[in-house]
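Q: Hey, could you walk me through this structure? I'd like to know what sits inside and what sits outside.

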Amino acid sequence: MSPLVLAVRRMPNPRLTGLGSGLFCVATMFALALLDRLLFGSSLVVYGVLFLPVCALTAIWVRRADLVTAPVAVPIAFAFGLLPIADSDGGFWDGVMGLFTALAMHAGWLYGGTLIAGLIVTVRKVRLMSRRAAQRRAAAQSPRPPAQKRRPAQARAQAQPRRRTV
């Protein structure tokens, strides 16, 4: 086996709800943005590179019932994480313009991360659907126990307790 496959098998296997996966992604990206600001001087390329594995982990760790939330949560997390590293001179509108500029100039990272999350979620959903179909086919092909003989309607009616009327 390759080292990558072994590393993936050793990873923890949490199952996050839709909200939990969104919060994980947002909190992680915000923390990584702060770390990027501290260590690399707000490098948007470093931020984008760090965004891709976070997208993959979010799509892997979301539970089956909430698969659709992962591709929705990652762009929100990308935008929220840009807040500490977007260029601004201190004013509110400068911060908003810096955020929009960073989103426009580095949309490739955003699209790439969303694509990664979408592909992982799609593969997981297809595997889930094929597994369920196989289970249904196996259940339909398994031999059933012989049906019990049904009692005639008259015997069932006599077996039921009678109700008293007043």
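A: Sure. One term first: contact here means heavy atoms within 4.5 Å. Also keep in mind that this is a predicted model.

Q: Okay, so what is Met29 in contact with, leaving aside its neighbours within four places in sequence?
A: Met29 touches Tyr47, Leu50, Phe51, Val54, Ala77 and Gly81.

Q: And how many residues does the largest nonpolar core have?
A: That core has 23 residues. Met29 is among those with the most contacts inside it, along with Tyr47, Phe51, Val74, Phe78, Leu82 and Ile85.

Q: Which elements give two or more residues to this core?
A: Those are helices H2 (18–40), H3 (44–61), H4 (70–81), H5 (92–105) and H6 (107–141).

Q: Which one gives the most?
A: H3 does, with 6 residues.

Q: Why would nonpolar side chains be found together like that?
A: As a general tendency, in soluble globular proteins nonpolar side chains tend to be buried together.

Q: Switching to H6: what span should its 35 residues have, and how far apart are its end C-alpha atoms?
A: At 1.5 Å a residue, H6 should span 51 Å. The C-alpha atoms at its ends are 50 Å apart, which agrees.

Q: Which residues of H6 are buried?
A: Ala107, Leu110, Gly113, Ala117, Gly118, Val121, Arg124 and Leu128. The buried residues of H6 pack against H3, H4 and H5.

Q: Now the outside. Which residues form a nonpolar patch on the surface?
A: Leu35, Leu38, Leu39 and Phe40 do, and together they have about 450 Å² of accessible area. Leu35 lies in helix H2.

Q: Is Leu35 buried, partly exposed or exposed?
A: Leu35 counts as partly exposed because its relative accessibility is 42%, and exposed would need over 50%.

Q: What about the loop after that, where Ser42 lies?  What's its phi?
A: Ser42 is in the loop between H2 and H3. Its phi is positive, about 65 degrees, although Ser42 is not a glycine. With 23% relative accessibility, Ser42 also counts as partly exposed.

Q: One last residue: where is Asn13 found?
A: You'll find Asn13 in the loop between helix H1 (3–10) and H2. Asn13 has 56% relative accessibility, so it counts as exposed.

Q: And how far is its C-alpha atom from that of Ile60?
A: The C-alpha atoms of Asn13 and Ile60 are separated by 8.5 Å, although the two residues are 47 residues apart along the chain.

Technical notes:
Residues numbered from 1 in each chain as written. Predicted model: local features only at pLDDT ≥ 70, side-chain atom pairs only at ≥ 80, totals over all residues. Heavy atoms only, no water. Core = buried A, V, L, I, M, F, W, Y, C linked by side-chain atoms within 4.5 Å. Buried < 20%, exposed > 50% of the residue type's maximum accessible area, 1.4 Å probe, protein only. Helix = DSSP H or I, 4+ residues; strand = E, 2+ residues; numbered from the N terminus. Patch = residues over 30% accessible without salt bridge, like charges linked within 9 Å, V, L, I, M, F, W, Y side chains within 5 Å. Areas by Shrake-Rupley, 256 points an atom, 1.4 Å probe, with all protein chains shown as cover. Salt bridge = Lys/Arg side-chain N within 4 Å of Asp/Glu carboxyl O. Expected span 1.5 Å × (residues − 1).
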